[in-house]
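Reader: I would like to learn how to read a few local features in a model. Can we take them one at a time?

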Amino acid sequence: MSIVVHGVSKLYGKQKALDNISFEVKTGEIVGFLGPNGAGKSTMMKIITGFIPASSGIVTVNGIQVEGENPEVKKQIGYLPENNPLYPEMYVREYLGFVASIYRTGASVKKQIESIIELTGLAPEQNKKIGSLSKGYRQRVGLAQALIHNPAVLILDEATTGLDPNQIVEIRNLIKEAGKEKTVLLSTHIMQEVEAICDRVIIIDKGIIVADEEKHNIYSRIKQPRQIIQVEFDKETEELTLSEITNVKTVKKVRDHIWLIEAEGEEDIRPLVFNYAVKNNLTVLSLNKQESTLEEVFRQLTKA
């Protein structure tokens, strides 16, 4: 296992930020680490990277125990914190050279810089000062410094915060590419991001893990099975009569002739909606069942 967290707790005075947390992450896995604000995500990441100590418990990265200022652990990890601290007065190439020299990998620094600039798409901005870059390119610089020493493990805290849709797709692709060879622990509030790139999901709430599942199994954590159907008829009908369909819980009109129907239980209600249309002389133009979302799982598991 690349990351092993066993029985980790963290206290700030009397406040318990983490409460006996345990999980493992395998080499080559991209794991989404989710939770509401204040759940303990950033604290856990800082403990894994050695920035702060745990109050109790053990963390190992590639078999090396994380404790004190252990440079061997630092070599294993690439870390992009949430606030992405950079030196705005430094030039991009200058900064990456500075970071590469800190790790003293023994490889050609120039080669490392060229490789990472190409990988992160920084070539157009490589000779500019970091302070003059857009938010998207500053995030790329943050990712570049996390990757410059070719670490086995990547810890990314809100890597796409503040980016536009095009930049988000580009950064996601970069993370997916890195995840083919590395272990990636990714904290984010963007559920679509997790659904797009992660293999597994860990959800933490109030310092406790409430879910740890492969992505395709996480939807089974929804406590009350339900289904949402979007139907389009050829003409108008009444909300009241739609509500009378068996197991229907709510009915909402989206726009003319289009309705969103929420039903309880696991039985597919599409045949019932079709029979309703026949009975009321309506033609069904479209009938789609919407799948459960990660956002729905997250809200159920973390609501107060």
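Reader: Over the ring of which residue does the charged end of lysine 74 sit?

Author: This is a predicted model. A charge counts as lying over a ring when the lysine NZ is within 6 Å of the ring centre and within 35 degrees of the ring normal. Here the charged end of lysine 74 sits over phenylalanine 51, at 4.8 Å from the centre of its ring. Lysine 10 is placed over the face of tyrosine 12, with 5.3 Å to the ring centre.

Reader: How many aromatic pairs does a search of the whole structure find?

Author: The search finds five. One of them joins tyrosine 87 and phenylalanine 98, with 5.9 Å centre to centre and 80° between the planes. Planes over 60 degrees apart count as edge-to-face, and this pair is edge-to-face. Tyrosine 87 is in the loop between strand 6 and helix 3, and phenylalanine 98 is in helix 3, so the pair ties together parts eleven residues apart in sequence. Tyrosine 87 is partly exposed at 41% relative accessible area; phenylalanine 98 is partly exposed too, at 35%. Tyr87, Tyr95 and Phe98 form one aromatic cluster.

Reader: What is the sign of phi at asparagine 247, positive or negative?

Author: Most residues other than glycine have a negative phi. Asparagine 247 has a positive one, near 75°. Its place is the loop between helix 8 and strand 12, and its relative accessibility of 34% makes it partly exposed.

Reader: Where is histidine 257?

Author: Histidine 257 is in the loop between strand 12 and strand 13. Its phi is positive, about 75°, although histidine 257 is not a glycine. At 25% relative accessibility, histidine 257 is partly exposed.

Methods:
Residues are numbered from 1 along each chain as its sequence is written. This is a predicted model: local features need pLDDT of at least 70, side-chain atom pairs count only at pLDDT 80 or more; totals for chains, interfaces and linings use all residues. Side-chain values use heavy atoms; hydrogens and water are left out. Helices (H or I, at least four residues) and strands (E, at least two) are DSSP runs, numbered from the N terminus. Buried means under 20% relative accessible area, exposed over 50%, partly exposed in between (1.4 Å probe, protein chains only). Rings of Phe, Tyr and Trp (its six-membered ring) pair if their centres lie within 6.5 Å; planes under 30 degrees apart count as stacked, over 60 as edge-to-face and the rest as tilted.
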